[in-house]
Amino acid sequence: MEFVNKLREKPAVKKIEKFFPAIAFLGGFAWDSITLGQMVYGSDILILLAYYTGALILVILLSAQLEHPEGWTTERLQALAEAQAKPKQNTSAATTPPKTHAPVETAVESKFKKAAALLAEKAPAKAIEAANRAAQEAKDAAAKASAQAKDAAVKAKDAASKFAKNVGYESTAIPENAIVVRHRFLDREWSETWKQRFTWAVQFCFGGLFSALVVCYFKSSGSLASFLLVILLAILLVGNEFLQKKYESFGVSLAFFCLLGTMFMNFAIPHLVHRIGFIWFFLSTLLSFGMCMFIWKISHRKKSILVAPALISILLVVAYIMNWVPPVPLVLKQKIACQNFDKATYTCDIDDPNIFQSIGLQIPSVHKVDSSEVYFLASIYAPAKLKAELEYLWYYQDPQTGKYKLTDRISSGRMTLNGGRESGFRTFTRKKNTPPGKYRVEVAYKNGAVIGSGTFEVFGEPPEDGFVRDTLR
């Protein structure tokens with residue numbers, strides 16, 4: 001440890017340490033992009049579930065607070081009131097002697113007083129001096145014992161404070177006449193050391209979830225609206241690196257937990273039920289908000305703490321209805337605009353692409369020969385056993401306005417996706433009447449969000465460089 005501490009004190013190492021969070025952030029995001037960007041496995045879901053479970057435990061711990069900072073609970077107040085009432089009753093009973101014994105006690109008291117006075121008159125001066133000396137010694141001994149007790153109390157208090165700092169629980173001062181009852185687990189105040197540890201851990205769990213969800217939702221975003229949601233998640237992913245101190249606020253932690261919970265469950269549930277759709281997204285929202293209500297219930301916080309999670313849940317449901325939420329876990333793996341399609345081999349003729357089309361800087365072209373049909377092929381990845389109905393939307397760009405207008409919405413029984421194929425479920429659509437111009441074809445979950453799209457331009461004459469045969473993998 002001494003070697004490590006000396007190494008960290010060096011100026012060069014201190015400069016490098018500043019970049020550790022950024023390196024860890026980029027490394028984690030790159031790993032998610034490489035692994036989740038290829039295919040989602042059951043182990044990936046379990047890792048995300050571990051992040052979510054860790055975040056759940058940490059948010060519960062961050063919800064802890066002292067309901068009565070002075071250390072009194074409702075039960076303590078009630079018990080103390082009862083304890084104070086009983087001694088008064090006993091005292092009054094003890095100080096009120098029976099009337100029948102009053103003469104006897106008075107006579108005995110009188111005899112003792114006379115005897116004491118007689119002894120006092122006959123006591124020698126030395127006896128009185130010895131008595132005074134004994135009284136003084138007793139007084140000095142009592143003062144010394146009191147000082148020792150005070151020192152012991154101070155040492156005990158210091159030891160308790162040190163223990164509280166190490167354990168993370170700051171006990172409160174209880175009046176000596178209070179009835180000590182057991183605290184609830186969350187009726188406490190964490191020390192600064194433990195708050196820092198919890199917020200760092202919750203930042204790590206939130207970061208892991210954000211990183212994976214950005215990759216997964218980005219792969220499934222096929223429209224501008226759904227891409228905006230991905231941008232929001234990406235902004236929160238970056239912002240998470242600067243919010244450690246903010247996570248001490250239970251309201252902030254709970255709001256982030258609600259958002260991440262809904263997005264995570266919306267991604268994970270289809271892997272379990274093998275279906276997607278509004279009902280499953282709504283269930284994800286209910287489960288996530290239900291977990292927030294559970295945390296609120298055991299934390300004994302005010303109901304106002306649930307306002308932010310409720311608003312987030314409502315906005316996400318509205319976003320899904322408006323088709324702004326990417327249809328995870330569906331992913332468009334490949335797309336081809338072509339002609340002369342062979343259903344048996346999923347091969348077709350495409351224009352020999354130039355260098356700009358090969359690198360994606362120019363849209364593909366389709367040079368029709370006579371009245372041949374134009375085909376659009378797509379392969380969509382989905383988890384094993386997942387089924388979903390698909391549809392194709394054909395848009396044509398108006399030459400005068402430059403805007404794309406919907407011309408055809410095509411769906412059929414053969415467009416029911418069956419997941420499990422690593423390269424994706426292969427399907428196609430075709431259009432006979434395709435006048436020259438630019439087209440955009442969107443592949444979407446039926447009556448839902450767009451999975452992906454492809455844009456191409458149709459020409460009415462054969463290509464100069466001829467055709468090449470391509471295959472939908």
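A cavity is a set of points where a 1.4 Å probe fits but cannot get out. Keep that idea in mind as we walk through this predicted model, starting with its enclosed spaces.

The structure holds two cavities of 30 Å³ or more. The second largest cavity has a volume of about 50 Å³. Its walls are formed by Val 40, Cys 216, Lys 219, Ser 220, Phe 267, His 271, Pro 329, Val 331 and Tyr 381. Helices H8 and H10 each supply at least two residues of this lining, and H8 has the largest share, with three residues. Sorted by class, the lining of the second largest cavity has six nonpolar, two polar and one charged residues.

Now turn to the largest cavity, which holds about 70 Å³ of space. Around it you will find Asn 266, Ile 269, Pro 270, Ile 276, Gly 277, Trp 280, Phe 281, Ser 284, Tyr 320, Pro 326, Pro 327 and Val 328. H10 and H11 are the elements that give two or more residues to this lining. In the lining of the largest cavity, nine residues are nonpolar, three are polar and none is charged.

Helix H10 is a good guide to our next stop, the largest nonpolar core. This core has 57 residues, and those touching the most other members are Val 59, Phe 206, Tyr 217, Phe 257, Met 263 and Ile 295. Two or more residues come from each of helix H4 (42-62), helix H8 (192-220), helix H9 (224-239), helix H10 (250-273), helix H11 (278-299) and helix H12 (307-321). Which helix gives the most to this core? That is H10, with 13 residues.

To see the core from one residue's point of view, find Phe 206. Setting aside neighbours within four places in sequence, Phe 206 is in contact with Ala 55, Val 59, Asn 240, Tyr 247, Ser 253, Phe 256, Phe 257 and Leu 260. Elsewhere there is a second, separate core of 25 residues, which includes Val 374, Leu 417, Phe 425 and Phe 456.

Next, let us look at Tyr 392, a residue of strand S5 (residues 387-397). Is Tyr 392 buried or exposed? Tyr 392 counts as buried because its relative accessibility is 0%, and buried means under 20%. Its contacts beyond four places in sequence are Phe 376, Ala 378, Asp 408, Arg 409, Ile 410, Met 415, Thr 427, Phe 428, Thr 429, Val 441, Glu 442 and Val 443. Take Phe 376 from that list: Phe 376 and Tyr 392 are 16 residues apart in sequence, with their C-alpha atoms 9.2 Å apart in space. Thr 427 is worth finding too, as its backbone oxygen lies 3.4 Å from a polar atom of the Tyr 392 side chain.

Our last stop is an open space, the second largest pocket, with about 470 Å³ of space in it. Of the 21 residues that line this pocket, Lys 335, Ile 336, Ala 337, Gln 357 and Pro 364 are the closest to its centre. At least two lining residues come from each of strand S1 (331-342), strand S2 (347-351), helix H13 (355-358) and strand S10 (450-459). S1 gives the most to the lining of this pocket, with four residues. What is the mix of classes in the lining of the second largest pocket? There are nine nonpolar, eight polar and four charged residues.

Key
Residues are numbered from 1 along each chain as its sequence is written. This is a predicted model: local features need pLDDT of at least 70, side-chain atom pairs count only at pLDDT 80 or more; totals for chains, interfaces and linings use all residues. Side-chain values use heavy atoms; hydrogens and water are left out. A nonpolar core is a set of buried Ala, Val, Leu, Ile, Met, Phe, Trp, Tyr and Cys residues joined through side-chain atoms within 4.5 Å. Buried means under 20% relative accessible area, exposed over 50%, partly exposed in between (1.4 Å probe, protein chains only). Contact means heavy atoms within 4.5 Å. On a 1 Å grid over the protein atoms alone, a cavity is a set of points where a 1.4 Å probe fits but cannot get out, and a pocket is an open set with protein on both sides within 12 Å along at least five of seven lines; lining residues have an atom within 4 Å of a point. Grid points are joined across faces, edges and corners, and a volume is the space filled by probe spheres set on the points. Ala, Val, Leu, Ile, Met, Phe, Trp, Tyr, Cys and Pro count as nonpolar, Asp, Glu, Lys and Arg as charged, and the others, Gly among them, as polar. A polar contact is a pair of N or O atoms within 3.5 Å; within protein, one must be able to donate a hydrogen and the other to accept it, and residues adjacent in sequence count only if both atoms are side-chain atoms.
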